[in-house]
Amino acid sequence: MPGMEHYQFPEKHIMDPFKICGELYYIGDDDVCAYLIDSGDGLILIDTGYPTAQALLMHSIYSLGFDPCNVKIILHSHGHFDHFGCTVLLKTISGASAYLGWKDAKMFRERPDLALCDDCVPFASQQPFEPDYELKDGDTVSLGGITIKVVETPGHTEGTLSYFFDVHENGESYHVGLFGGVGRNTMRKSFYEQYNVSGYREMFADSIKRMYEQKDIDIALGTHTVQAFFMKNREAMLNGSENNPFIDKTQWKAFLDHMQWKLDQLLSDPEEKL
Ligand SMILES: [Zn+2]
């Protein structure tokens, strides 16, 4: 969800990058998530943050000992500008391919206003990028030792994608689930009216159901740090927790339960009645 203050002062939101587990690292700031996966044959990124925070993202990649020129694949959870801010720059320096859900690619062509670049006028400068590949439900993306499964989860945008893959540490395999967009901002009555859209609430309800069908998720992730216990886990990690707090089989269901509760709150709010 775009935030004017964050957009204007990205340096206030610096967060040290860190290893989540195995090949998976966190390179985002304290609000918008960005992930790096070291495939063994080049880097995969999932989302690239705000356009004004490009230097922070680069700094995070270098700080972990990786080279941004070695990024080969950039996946996007959805087509909002706070998730693709560094994509064009990274593509330019690395030659990486950019991937986006096919419905959000269509949105870029037909309704670029829905990428919300203009929400931060007068600071907005970045426009939607040109995806090299458009992903659809059931696709897989592979590089080195990593294969990522794509599940369409419309609601936050029509083309929101969720990603599922395994990471490896100390001889163990851990299944990661990343829910690609859960913000209710686009489901609000005011958003429907401002942008002349509809149906996002129903799509999101179906997507939550589909996410419950994903089993055995060891590591639950979202696309903002307020989601899926991210900050709580990070704090526990910094406090020297004996076990990796991100590895917790109960968190995926708890995350989905909370999303369902938040959707129910919206649907039962008289002021949000359509
Ligand atoms: Zn968004």
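This passage describes the zinc site, the helix packing and several individual residues of a predicted model.

The zinc ion is coordinated by three histidines. The donor atoms are NE2 of His78, ND1 of His80 and NE2 of His156, at 2.1 Å. Along the chain these donors follow the spacing H-x1-H-x75-H. Distant parts of the chain are thereby linked by His80 and His156, which lie 76 residues apart. His80 sits in the loop between strand E5 (71-75) and helix H3 (87-94). His156 belongs to the loop between strand E9 (146-152) and strand E10 (161-169). Both His80 and His156 are buried.

Helix H2 spans residues 54-63. Its buried residues are Gln54, Leu57, Met58, Ser60 and Ile61. These residues cover an arc of only 160 degrees around the axis, which puts them on the same side of H2. Ala55 and His59 are exposed on the other side of H2. The cover over the buried residues of H2 includes strand E3 (35-38), strand E4 (43-46) and H3. After H2 comes Gly65, with a positive phi near 90 degrees.

The packing of H2 on H3 can be described further. The axes of the two helices, H2 and H3, come within 10 Å and cross at roughly 50 degrees. That angle makes H2 oblique to H3. The crossing of H2 and H3 is right-handed. On the H2 side, the contact is made by Gln54, Leu57, Met58 and Ile61. On the H3 side, Leu89, Leu90 and Ile93 take part. Of the H2 contact residues, Gln54, Leu57, Met58 and Ile61 also appear among the buried residues of that helix.

Lys91 also lies in helix H3. Leaving aside neighbours within four places in sequence, Lys91 is in contact with Ile74, Ala96, Ala98, Glu130 and Asp132. Lys91 and Pro68 are 23 residues apart in sequence. In space, their C-alpha atoms are 9.5 Å apart.

Helix H4 covers residues 102-110. Asp104, Ala105, Met107 and Phe108 are buried in this helix. Seen down the axis of H4, the buried residues fall within an arc of 155 degrees, so they line one face of the helix. The face of H4 turned away from this buried side carries the exposed residues Arg109 and Glu110. Strand E6 (97-101) and strand E7 (133-135) pack against the buried residues of H4.

A second helix pair is formed by H6 (residues 200-212) and H8 (residues 251-267). Their axes come within 10 Å and cross at roughly 160 degrees. H6 is therefore roughly antiparallel to H8. The crossing of H6 and H8 is left-handed. H6 contributes Arg201, Phe204, Ala205, Ile208, Met211 and Tyr212 to the contact. From H8 come Trp252, Lys253, Leu256, Asp257, Met259, Gln260, Leu263, Leu266 and Leu267.

Ile217 follows in the loop between H6 and strand E12 (219-221). At 3% relative accessibility, Ile217 counts as buried, because the cut-off is under 20%. Leaving aside neighbours within four places in sequence, the contacts of Ile217 are Phe164, His175, Val176, Gly177, Asp248, Lys249 and Trp252. One of these, Trp252, is also among the H8 residues that meet H6. Ile217 and His83 are 134 residues apart along the chain, and their C-alpha atoms are separated by 23 Å.

Two residues other than glycine have a positive phi. Asn196 has a phi of about 55 degrees although it is not a glycine. Asn196 is placed in the loop between helix H5 (189-195) and H6. With 67% relative accessibility, Asn196 counts as exposed, because that value is over 50%. For Phe229, phi is near 65 degrees, again a positive value in a residue other than glycine. Phe229 is found in the loop between E12 and helix H7 (230-238). Its relative accessibility is 30%, so Phe229 counts as partly exposed.

Definitions and conventions. Residues numbered from 1 in each chain as written. Predicted model: local features only at pLDDT ≥ 70, side-chain atom pairs only at ≥ 80, totals over all residues. Heavy atoms only, no water. Donors = N, O, S within 2.8 Å, 3.2 Å for Na, K, Ca; no water. Helix = DSSP H or I, 4+ residues; strand = E, 2+ residues; numbered from the N terminus. Buried < 20%, exposed > 50% of the residue type's maximum accessible area, 1.4 Å probe, protein only. Arc of directions from axis to C-beta. Contact = heavy atoms within 4.5 Å. Axes fitted to C-alpha atoms, helices over the stretch in contact; angles between N-to-C directions. Parallel < 35°, antiparallel > 145°, perpendicular 65-115°, else oblique. Left-handed = near helix turned anticlockwise from the far one by under 90°.
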